[in-house]
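Dear colleague,

I am passing on the structure we spoke about, and below it you will find my notes on what came out of the calculations. Please read them with the model open beside you.

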Amino acid sequence: YDQSNNLDSVNWVDPNFNDATWQSGPGLLAFENNAAIAGLVGTALLPPNTPPAGLTSGHAYYFRTTVLATNDFIPAALIGTFRTDDGAVVYVNGAEALRIRMPSGVIGSQSLATEFPPGENTDATTDEPYSLQIIELAPGTNCIAASVHQQNTNSSDVVWGMALDAVGYQRVRDTVV
């Protein structure tokens with residue numbers, strides 16, 4: 001994850017982007033004081049209302065991970081379960097697959113979410129299932145990337161967690177006799 005840079009001019013969603021210098025850690029990734037969420041945090045993030053040098057309050061946080069797909073699997077659907085405070089844009093292999101509470105148009109580091117997540121005190125206290133646009137997973141390693149955005153520039157918390165389920169079937173190999 002990258003919580004300390006504006007990546008507006010960087011193609012960070014590209015599967016070949018080198019994220020070797022990025023930090024890593026287990027989910028849930030968050031800066032949150034809500035007791036319903038705080039105990040679930042696996043990696044603590046920086047608070048969005050006290051940004052690092054060069055960034056302004058309410059900046060985006062960026063996340064990447066990989067998913068391995070076998071040659072014999074054809075996904076019929078990708079279902080994500082998310083904890084997002086406040087909004088996010090999710091990419092699969094560099095293509096946009098889902099917007100969660102984000103406006104249409106170009107999304108940048110200072111883009112704001114359109115509303116708060118459902119849940120207690122407008123915090124991400126509940127899992128939210130969404131279907132991602134069908135983007136074919138390539139055999140081998142696939143890249144899932146997301147930018148997380150605040151609903152306002154003085155937000156005091158940020159939460160990101162995602163579980164991805166691929167629903168599909170095995171390829172049927174023709175047998176020639």
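Leaving aside its neighbours within four places in sequence, which residues is Val92 in contact with? Bearing in mind that this is a predicted model, the answer is Leu78, Ala97, Leu132, Ile135, Leu137, Cys143 and Ile144.

Val92 is also one of the residues that stand out in the largest nonpolar core, which has 22 residues, and within which Phe63, Val90, Val92, Leu132 and Trp160 touch the most other members. Two or more residues of this core come from each of the strands β3 (61-69), β4 (73-85), β5 (87-92), β6 (95-100), β8 (140-149) and β9 (158-170). There is, in addition, a second and separate core of twelve residues, among them Trp22, Tyr62, Ala113 and Ala145. As general background, nonpolar side chains in soluble globular proteins tend to be buried together.

A charged residue may interest you as well, namely Arg64, which is found in strand β3. Arg64 counts as buried because its relative accessibility is 16%, where the cut-off for buried is under 20%. As for polar partners, the side chain of Arg64 reaches the backbone oxygen of Trp12 at 2.5 Å, and a polar contact of 2.9 Å joins the Arg64 side chain to that of Asp19. If neighbours within four places in sequence are again left aside, the residues in contact with Arg64 are Trp12, Val13, Asp14, Pro15, Phe17, Asp19, Trp22, Cys143, Ile144 and Ala145. Of these contacts of Arg64, Cys143 and Ile144 also appear in the list given above for Val92, while Trp22 and Ala145 belong to the second core.

Turning to the chain as a whole, its secondary structure consists of one helix and nine strands, which follow the pattern β-α-β-β-β-β-β-β-β-β along the sequence. The radius of gyration is 17 Å, close to the 16 Å that the globule rule gives for 177 residues, so the chain is as compact as a globular protein of that length. Along its principal axes, the C-alpha trace spans about 70 × 35 × 30 Å.

Of the 177 residues, 43% count as buried, and the accessible surface of the chain comes to about 8,900 Å², with 52% of it belonging to carbon and sulfur atoms. Where contacts link residues at least 6 apart in sequence, 76% of them join residues at least 24 apart.

With best wishes

Notes. Residues numbered from 1 in each chain as written. Predicted model: local features only at pLDDT ≥ 70, side-chain atom pairs only at ≥ 80, totals over all residues. Heavy atoms only, no water. Core = buried A, V, L, I, M, F, W, Y, C linked by side-chain atoms within 4.5 Å. Buried < 20%, exposed > 50% of the residue type's maximum accessible area, 1.4 Å probe, protein only. Helix = DSSP H or I, 4+ residues; strand = E, 2+ residues; numbered from the N terminus. Contact = heavy atoms within 4.5 Å. Polar contact = N/O pair within 3.5 Å; in protein donor to acceptor, adjacent residues only side chain to side chain. Rg over C-alpha atoms; globule rule 2.2 N^0.38 Å. Areas by Shrake-Rupley, 256 points an atom, 1.4 Å probe, with all protein chains shown as cover.
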